[in-house]
Amino acid sequence: MLQRKKICINTGGGDAPGLNAVIEAVTMAACNRGWEVYGIKSGYTGFLNTEEIIHLTPEKVDGIASIGGTILGSTNKGNPFMMPVCNAAGECEQRDLSDRVMDNFRRLGFDALVAVGGDGSLDIAHRFAAKGMPVIGVPKTIDNDIGGTVVSFGFDTAVSIATEAIDRLHSTARSHDRVMVVEVMGRNAGFIAINSGISGNADVILIPEIPFNIDIVCEKLMENELRGHKYAIVVVAEGAVPIGGDVITKGGPELGRQHVILGGMAEHVAKEISLRTGKDSRSLVLGHLQRGGSPTTFDRRLSLRFGAAAVRAIEAGKFDHMVALQSPDIVLVPLEEALSIQKRVQVDGDTVLTGRDLGICFGD
Ligand code: F6P
């Protein structure tokens, strides 16, 4: 007789288009096997507030694949190994509450957790696996910086949104003979910037992997000007760095948060361009628009495939692994292996070479 399982799923870190599609696929694939599925609220914190755990049924997930965000909620301050705990006076400290999570997981009789998240959440999943929790990871991030998979879900949508925004900037830049400097997300990886910049016909793309020289950027803009191309689009990754300089942050990391908040490089670059070339420059930050709304068809399909593959992995008893796209297949990669890779834009890879062949300046 087939073993009836009771599994749970959580979504951690920043939201990304496709999270609901993973939840739908996991729920459907599990229910079609006669299993029970539960949704843990707000990443791992839901294991500490177990009264909020919800029973997921086919009716509850019907049609959610096309909806952005996550019906389970998410947080990037919910690491149970270093959870911020505050007293009435507002004084906070970090505590290791991982044993409480393990106790609740066992008490509730779960057979497995599907942990959907970026590098931070998958690292937590791996640490719980080491404590004996049967975990299977699903790689999520618009930044596309998770190793072991060709792409994570959410990335295609973010690139599409950024490309559409860049397309729209062309008409304003052209009408005013302006330099429009647009900052996109990606943390310390330039995947969103380079892919949206190339697709959106940018003149300059600045990515963390290629430290830039502002003089070279300005030379490119002045050369364009001499050729009668009086406006320009500059795409700046939020983690871009000048040669010998550093990223610009908005403070942090706050208590319980793994990463600093990046931002401000586009404004800095626009100011420098104005100062050095005398050209009218404006900056804008696309920010969280890149994570919002409906996932593209690619992301929907990838998320559904990832979710279904996660349930097949549980059925096969393969834990402490992550589902991954190694085209054209969905495979399982050990979490340890995936987490050991720092995925970045290859500076001598095809995408950068394509940009250079198109005449795009990378500031180097
Ligand atoms: O990792 C996804 C991401 O959107 C990054 O691109 C960005 O730096 C960060 O999250 C923003 O985090 P928050 O939502 O906390 O502002």
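Visitor: Why is E225 called partly exposed?

Guide: Buried means under 20% relative accessible area and exposed over 50%, with partly exposed in between (1.4 Å probe, protein chains only). E225 has a relative accessible area of 22%, so the residue falls in the middle class. This is a predicted model, in which local features need pLDDT of at least 70 and side-chain atom pairs count only at pLDDT 80 or more, while totals for chains, interfaces and linings use all residues. Residues are numbered from 1 along each chain as its sequence is written, and side-chain values use heavy atoms, with hydrogens and water left out.

Visitor: What makes E225 and K279 a salt bridge?

Guide: The term requires a side-chain nitrogen of Lys or Arg within 4 Å of a carboxyl oxygen of Asp or Glu. For E225 and K279 the N to O distance is 3.0 Å, so the pair satisfies the rule. E225 belongs to helix α7 (residues 214-226), whereas K279 sits in the loop between α8 (265-277) and β11 (281-285), so the contact ties together parts 54 residues apart in sequence. Such helices (H or I, at least four residues) and strands (E, at least two) are DSSP runs, numbered from the N terminus.

Visitor: Is K279 buried or exposed, and how do you know?

Guide: K279 is buried, because its relative accessible area is 10%.

Visitor: How do you know that D280 and R282 form a salt bridge?

Guide: The closest N and O atoms of D280 and R282 are 2.9 Å apart, which meets the criterion. R178, D280 and R282 are joined into one network by salt bridges that share partners. D280 is partly exposed at 35% relative accessibility, and R282 is partly exposed at 36%.

Visitor: What makes E93 and R95 a salt bridge, and how many salt bridges are counted?

Guide: The side chains of E93 and R95 meet at 2.8 Å, N to O, and the pair therefore qualifies. Both ends are partly exposed: E93 has a relative accessible area of 41% and R95 has 40%. By this rule the count comes to 13 salt bridges.

Visitor: Why are R227 and N224 said to be in polar contact?

Guide: A polar contact is a pair of N or O atoms within 3.5 Å; within protein, one must be able to donate a hydrogen and the other to accept it, and residues adjacent in sequence count only if both atoms are side-chain atoms. The side chains of R227 and N224 are joined at 2.6 Å, so the distance lies within the limit. R227 is placed in the loop between α7 and β10 (232-237), and at 61% relative accessibility R227 counts as exposed.

Visitor: How do you know that C86 and C92 form a disulfide?

Guide: A disulfide is a pair of cysteine sulfur atoms within 2.5 Å. The sulfur atoms of C86 and C92 are 2.0 Å apart, so the pair meets the rule, and the count comes to one disulfide.

Visitor: Why is the disulfide of C86 and C92 assigned its handedness?

Guide: The torsion about the S-S bond is about 100 degrees, so the disulfide is right-handed. C86 is partly exposed at 46% relative accessible area, as is C92 at 38%.

Visitor: Why is C218 in no disulfide?

Guide: The nearest cysteine sulfur, that of C361, is 9.5 Å away from C218, so the pair fails the cut-off. C218 is buried, with a relative accessible area of 7%.
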